[in-house]
Structure formats: C-alpha cells, structure tokens
Number of protein chains: 2
Amino acid sequence: MNLVGLAQGVLAGERRSLAKAITLVESSRPEHREQADALLTELLPHTGRSLRLGLSGVPGVGKSSFIEALGMRLLARGHKVAVLAIDPSSAVSGGAILGDKTRMERLSMDERAFIRPSPSGGTLGGVADHTREALLLCEAAGFDIVIVETVGVGQSETAVASMTDCYLLLQLPNAGDDLQAIKRGVMELAHLVVVNKADIDAAAATRAQAQLTSSLRLMGMSHHDSEAWQPQALRCSSLSGEGLDEVWQAVRDFEAQQRRSGHFEARRRQQAERWMWERIEQGLRQRFARHPAVQAALPLLSSDVLAGRVAASTAARRLIQLLDTPA
Amino acid sequence: MNLVGLAQGVLAGERRSLAKAITLVESSRPEHREQADALLTELLPHTGRSLRLGLSGVPGVGKSSFIEALGMRLLARGHKVAVLAIDPSSAVSGGAILGDKTRMERLSMDERAFIRPSPSGGTLGGVADHTREALLLCEAAGFDIVIVETVGVGQSETAVASMTDCYLLLQLPNAGDDLQAIKRGVMELAHLVVVNKADIDAAAATRAQAQLTSSLRLMGMSHHDSEAWQPQALRCSSLSGEGLDEVWQAVRDFEAQQRRSGHFEARRRQQAERWMWERIEQGLRQRFARHPAVQAALPLLSSDVLAGRVAASTAARRLIQLLDTPA
C-alpha cells in the first residue's frame, strides 16, 4: 500500500482516502496494523483541531434526525462535519448504527460531510479503539466538527465520553417517569441534556426540561470545583429546527468556558493517557490469554477456584508465574 | 516456620495462631508469600462457612459502637465473631480503622471475638487482598460471623462488597439533606441501610428511615429480577440497644432468602472468579512495570502521547512488544 499517497490524500481532505485510511486502522491483520501505526504517527501532528462532540440517547430518541438537522446547519456555517458511531451490539450484529445512511440522507450526500458506520466485530474496547483512531484521521482530513454517536445502553456511553470534548445526551419529551430510570452514571457524563422532538408535545417538553434542570442542579451540588461546568437542560425539535441554534450555542459556550479554565486541554491529555493504559492492559490480557502454559493450566485452576479448592489469589499467582515458562 | 503447626493452631481456633497466620498472609516477602499460599491451600477446605457481613458509613456514624453492641449480642447467642477492616487511607497513614481496640473494649477482650485492624501499606487493592485472605483464615479458625468494616469514602466500599455476603450501610439520623449526597453507587451496594444513633433524635431517625425506604424502593424499580432482594431501611441505637435485634433478624432474613434463591452461592462464586481476575490483572501490570525495556521506554513514550506526537494506541503496542525483548 502506498502510505505516503494515502497520507497525502487524507491531508488533502479526499473522502475516498479517508475512508480507505479508516478501513486500514480497522483491520486486524498484523501487517495492516504496522501500516496503520505508521500512518497515524505521520498524521498525528495534523490532528486535535476539531471539536469532538459525543452524542447518545435511547433508541427512538431521534439521534439520526438530530445529527442530520444540526449537521446541515453546521455545513451552512462553513464547518466540515464528520459523524462516527460506536455500536455496542456490532460485535454480534455486524453494526446497526449508521449502517443505513439513508437515515441521514442530505448530510450523507454532501461533500462537506463524512459519515462512517460503527466498525463491526470485536469487543466494545476494540470498536471504541478503532473509532478513536478514525476520529484522528477525520481531523487530519480537515473535519473541524466530529460527532461520535452511540445508543444509550451499556458501556458504550463511557467509551464515547472518553474520546470527546463535549457530551450531549438526547431525551424524549415524555420521559417524565423514565427520568428515574436514567442511569445516574450517564447523566454525570453529560454536559448538555437536550429534550428532542419538542414538537410532539410542547408542554411535556417544557416539563421534562424543568425536571432535568433541577436534577442536573442537584447532581451539580456535589462538584467542588468552582470552575466546573454546570450541565444544562435544553429542548429542540429536529423536525422544525426550533432550538437547534440554542443547542449549538450551548456547545460553543461550553467549549469557550472549558478552554478558558484549561479543562479542555487537561481533559484531552487525560483521555490520551487513559487510552494508552487501557490499551496496555488489553495487550497484557491478550498476551496472557495466548500463552500456551496459561492456556493449559487456566481451566483446571479456574474450576478449583470456583469450587473453593484453591484461593483466588493463589491461582492468580500461579498463573502469572507460568508466563515466565518458555513457550 | 512450622506451617503444619500453624495450620493446626488456626483450625483449633487459637487466636494467637490466627493472628500469626494473618501476619504471614500480609507479608510482602516472597518466601512468606510461598508459605502463605501453602497455608491458604491447606486451610481452604475449612473456609466458607461463616456469614460475611460488610459494613460501611461515614466517619462519626458510629461504626465501632454498632459493631461492639451487635457483636456482644451475637456472642450471647453463641456465635464467634471476627472483625476485620479495610482502611483506604492505610497506605498513607499506616492504618487508622480499628487501630485503637479500645473503641470496642468489651468485644476485644472476649475470647469468642477476634478483632484485626486494617493491614497497612500498599495499594487499596493490596489491602483488600490481604483482608480477603484474613477472612478465609478467620473462617478456618471457626468464626461463624465475619464483619468487614470500612469508612464510607472512596472505593473501599466496593472492595468490602466484593468479599461479603450482606452489605450494611450505616446512616446518621439527621442525614435528611445529605441523602442527596450519598453516592448512588454505594446505596446500590447496600442490602440493608440502618439509621444509627436513633436515640439522639427519634423523630429525625423516623424521617430518615422513611426517606431511605422510598429511595430504596425507587432504586429497586430498576431491578428486573423478581427474586432479587428488596433493600430495607431500618433504625437502631447502639447505645440503648433498641432495634439491634431487628437489624440482625433482617440480616438473617436476607441470608435465608439468598440461600433459597441460589443467589448466595452464585455471589460467592462470582466474587472468587472476579478476585482471581483482578489479581491476574494486577500481576500483569506489576510484571509490565518491572520490565527493564518498558522502564526504559515508558517515560519518553508517555510524554510523546501527552504531547500528541504518538497515538496512545501506537505507544501501547510498542510497549507491549518490548515485553518480548529479553531482559
């Protein structure tokens, strides 16, 4: 593969080169991995200049129409918008989110936008890893807004939050009783909570917004950092466009406040460091699981631990010692 | 060291042998570790027959007086009670919790009780690990109730929950407004929430109990398992003894329900399995950090990642590859 040409194509903002580069970083073949590392290292100086926006919400909340409506407005303002996805079910289903580009018909046809479905296969960690790398490639290709979306279930939200600057949670207007059911952990990730589909029931949307505002305020009371962002609740309609400008203004306000306080850069550095250590731990686990002596001993030792014949700590120490056995 | 004699001493329920055995498993010297593993494996068939009770609460909630009052009642009913502690600050301070046995004067002087302060030094993971092993030794010594306490701050609560059958959270009666501040995560660990010091303000204790009951009910709504335990809120006074019998009855009800449903055994198996994998990951990290080639390369690669010169995933792969470098 002509890596130099590929890097130049990405830097020139060619969508085909970008798509090809992402396919390369998604590949699990060892020789591709080497090339992907070389490409990433080459392009890294040209990354980091986008605003990375995380987005989640339960199925049916209207993520695609929200991205389509917001994305078209951003293009009109002169931005270049990339949309990536993390699908926690992709390991099983082969990727459902964004798989159907017709869900964002106008955006997907525009030259200034780039839409990429969730990588499929592998663990959630692997999927998230590929999306992080794809995000860097999109930045190198000149996209100055990168949206990473996920469905509001499971750990994929944490993964999205760990690679974005601003996290936006979409809610339904009639979620009143469901508010209790929102996992507090997800609320704590959100910088902005937006009641979508306000057109369906304006009164319900207003109530939901008020309820969310007070929940966010209560949760914010535990922050001890006076420079911390106070999460906000907003409302909009992707259909009518109502409120979308306000949502975008809130994102920009958040960004400005975070840059002033130094939190923006600090968060990115933290994310990079944590990412490195996650990948190291994943690599260590893989090496462990592939070691022949470990593979030979693990089943019996595991069942000994479960049956209470060997203490878990003893079993762990024995297995670790096996790593020093010549393969 | 005479391991056979030590094992016999523990099995005979000698408190001096038990104390010595715990000191052995707490030692970080490699030859002690070998002996500790041998001792644990020898004693393991005699473990598992206690009820393991986790206990936490903020400083000042009255953990010591609660344990003293409950513990004396349990001795009167013919039980043998061991009390262990996990002090998240012990890595720094050298162990504060239970360090002062005079806080449980009557219990500590009784032959049928055994009180051991938190192991000091090392990480929280190391402290928790030693406590898990000490718990097994207490069981081998015939203690049929083992209480593991911790202060209600940080991750030590998760550690206690991960080694006990029943988790009891102590609360103050005037905690009304603070209820919002209780980390939801800790509430979710609790099977029983007990308002202690009800003697100080009976009305406040009643209000706190009612509030906790409704909070627990709301949280319980997200459980989909019809056989799941519905957490309960109770009240007591360690000073007057009021409510202590009811608390103990609730612990026993919980145990009976969990045994009937099979959750009791399932939880223990899960705990053993998770413990093994935690220890494996910890061992892998230690091996990684001690590798000379890794030690040589890590500082520069880390700073490259933080400065955005090398992608985190690339740095991680390079470091993992270094493990195959001959030391």
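In the predicted model, Ala85(A) has Glu149(A) as its bridge partner in strand β4 of chain A. This contact belongs to the pairing of β4(A) with strand β2 (residues 81-86) of chain A, in which six bridges join the two strands and the strands run parallel. Strand β4(A) is also paired with strand β1 (residues 51-57) of chain A; here seven bridges are found, and the arrangement is again parallel. Within β4(A), Thr150(A) serves as the bridge partner of Ser56(A).

Strand β4(A) comprises residues 145-151 and is mostly covered, with seven of its seven residues buried. In a regular strand, side chains alternate between the two faces of the sheet. In β4(A), Ile145(A), Ile147(A), Glu149(A) and Val151(A) point one way, whereas Val146(A), Val148(A) and Thr150(A) point the other way. Residues on both sides are buried. Glu149(A), the partner of Ala85(A), is thus one of the buried residues of the strand.

Helix α4 of chain A covers residues 63-76. At 1.5 Å a residue, its 14 residues should span 20 Å, and the C-alpha atoms at its ends lie 20 Å apart, so the expected and computed values agree. The helix is mostly covered, ten of its 14 residues being buried. The buried residues include Lys63(A), Ser64(A) and Phe66(A), the run from Ile67(A) through Glu68(A), Ala69(A) and Leu70(A) to Gly71(A), and also Leu74(A) and Leu75(A). Following α4(A) is Gly78(A), which has a positive phi near 95°.

Key:
Residues numbered from 1 in each chain as written. Chains lettered and ligands numbered in written order. Predicted model: local features only at pLDDT ≥ 70, side-chain atom pairs only at ≥ 80, totals over all residues. Heavy atoms only, no water. Helix = DSSP H or I, 4+ residues; strand = E, 2+ residues; numbered from the N terminus. Expected span 1.5 Å × (residues − 1). Buried < 20%, exposed > 50% of the residue type's maximum accessible area, 1.4 Å probe, protein only. Pairing = 2+ DSSP bridges.
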